[in-house]
Amino acid sequence: MPPILRTGLCLAKPPCMSILRTLVSSTPCRSALAPTFSSTGDTTKIVSRLGPTRISTMIMTGKPNRPFPPEFQVELDQFLPGAVSAVGLVTSCVSSGDWAGLEGLVDRDCIISLQATMATMDNVQKELVVVNPGDIFASFVSNPENCDSGNNLHLVTFSLPSLEKIRDLLVREKQKVKDSIAAVKDKEQTKDTVAGLIGEFSSTDLRALFQANEIVIGNYRFIRDSPDSQWTITEVSQINSLQAWSTICKLRWKGRLSIATRGGYNFYSILRYDYMTDCISLLMAIYLLQMMAGLLTAPHS
């Protein structure tokens with residue numbers, strides 16, 4: 001498949017927690033201001049949910065998409081990471097106004113539309129157009145049933161600004177706990193050390209950083225003339241989850257992401273487990289309702 005696009009132990013406060021506090025204090029709830037826009041001019045067609053088909057596929061396979069037929073010549077395990085990297089490059093160019101950097105990567109009509117859209121934004125909104133590939137925690141193709149034999153793919157991404165920074169800080173903090181425990185030989189001192197470090201690690205700072213950002217949903221259409229051709233992006237859209245989702249839906253997605261991030265789990269594993277428990281709960285509820293209905297309609301002696 002052709003490339004996607006050019007492209008002695010001290011209980012002092014752990015330094016990475018100080019970094020985390022600095023990050024929290026310097027990162028207000030800015031992503032709540034992330035603009036909603038579409039190069040097509042129609043934001044109502046932005047895909048912001050997996051939908052029943054993707055959910056069932058997630059439950060069955062652990063991924064939102066099944067593999068494409070071989071004749072499509074699209075390996076999703078290769079396409080998705082490459083497409084996500086391309087999204088990072090393109091949104092960075094759009095945000096900074098580097099329109100020349102999009103030539104050959106993005107369709108000309110799409111560039112013109114994006115230029116007009118960006119002209120209506122203030123500097124803060126322009127900054128929030130950038131999607132860091134490391135902040136994307138879920139991506140899938142929303143049109144596998146209607147994709148012109150793999151030549152017209154509609155990519156959907158879910159991202160949380162600063163997620164990559166949060167993950168890096170967590171890794172460093174967990175390593176610091178391990179190193180601190182390894183450096184202590186006295187059992188009682190080890191308990192005190194762990195208690196002190198865990199107290200810092202489980203503070204409200206991480207929760208505050210999560211709450212300081214909202215999930216952003218991106219849509220990007222990748223088109224090629226044939227399997228031997230280069231991909232070109234013809235549509236770029238974005239919507240803030242505050243606008244796309246209900247409060248309950250938003251809290252569930254952020255809750256799943258928080259569990260996966262704090263525990264170091266694969267996000268799709270958490271999502272699959274959550275959908276499976278939902279399915280089981282629904283089946284049990286239906287079964288109980290049927291039993292109750294049977295009891296109510298049964299003849300009484």
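This report describes the sheet, two of its residues and the aromatic contacts of a predicted model.

## The sheet and its helices

The sheet of this model is open and consists of five strands in the order E1-E5-E4-E3-E2, with antiparallel pairing. Its edges are formed by strand E1 (37–38) and strand E2 (136–141), each of which pairs on one side only. Strand E2 is joined to strand E3 (residues 152–159) by five bridges in the antiparallel sense, and within this pairing Ile-136 has Ser-159 of E3 as its bridge partner.

Helix H3 (residues 76–96) packs on the sheet and touches E2, E3, strand E4 (216–223) and E5, while its direction makes about 115 degrees with that of E2. Helix H4 (residues 108–118), in turn, lies across E1 and E5 and runs at about 30 degrees to E5.

## Two strand residues

Ser-139 belongs to strand E2 and, with a relative accessible area of 11%, is buried, because the cut-off for that class is under 20%. Leaving aside residues up to four places away in sequence, Ser-139 touches Pro-64, Leu-80, Val-84, Leu-155, Val-156, Thr-157 and Tyr-268.

Thr-232 is located in strand E5 (residues 232–240), and its relative accessibility of 24% places it among the partly exposed residues. With residues up to four places away in sequence again left out, the contacts of Thr-232 are Leu-105, Val-106, Asp-107, Arg-221, Phe-222 and Ile-223. Between the C-alpha atoms of Thr-232 and Asn-152, which are 80 residues apart along the chain, the separation is 9.7 Å.

## Aromatic pairs and clusters

Across the whole structure, eleven aromatic pairs are found. In one of them, the ring centres of Phe-79 and Trp-231 are 5.2 Å apart and the planes stand at 55 degrees, so the pair is classed as tilted. This pair links distant parts of the chain, since Phe-79 is in helix H3 and Trp-231 in the loop between E4 and E5, 152 residues apart; both Phe-79 and Trp-231 are buried.

Phe-137 and Phe-158 also form a tilted pair, with 6.4 Å from centre to centre and 55 degrees between the planes. Because Phe-137 lies in strand E2 and Phe-158 in strand E3, the pair ties together parts that are 21 residues apart in sequence, and both Phe-137 and Phe-158 are buried. The two residues belong to one aromatic cluster that also includes Phe-140, Trp-245, Trp-253, Phe-267 and Tyr-268.

## Arginine over aromatic rings

Arg-256 lies over the face of Trp-253, at 4.9 Å from the ring centre, and the charged end of Arg-256 also sits over the ring of Tyr-275, 5.0 Å from its centre.

Terms used: Residues are numbered from 1 along each chain as its sequence is written. This is a predicted model: local features need pLDDT of at least 70, side-chain atom pairs count only at pLDDT 80 or more; totals for chains, interfaces and linings use all residues. Side-chain values use heavy atoms; hydrogens and water are left out. Helices (H or I, at least four residues) and strands (E, at least two) are DSSP runs, numbered from the N terminus. Buried means under 20% relative accessible area, exposed over 50%, partly exposed in between (1.4 Å probe, protein chains only). Contact means heavy atoms within 4.5 Å. Two strands pair if DSSP finds at least two bridges between them. Axes are lines fitted to C-alpha atoms, for helices over the stretch in contact, and angles run from 0 to 180 degrees between N-to-C directions. Rings of Phe, Tyr and Trp (its six-membered ring) pair if their centres lie within 6.5 Å; planes under 30 degrees apart count as stacked, over 60 as edge-to-face and the rest as tilted. A charge sits over a ring if NZ of Lys or CZ of Arg is within 6 Å of the ring centre and within 35 degrees of the ring normal.
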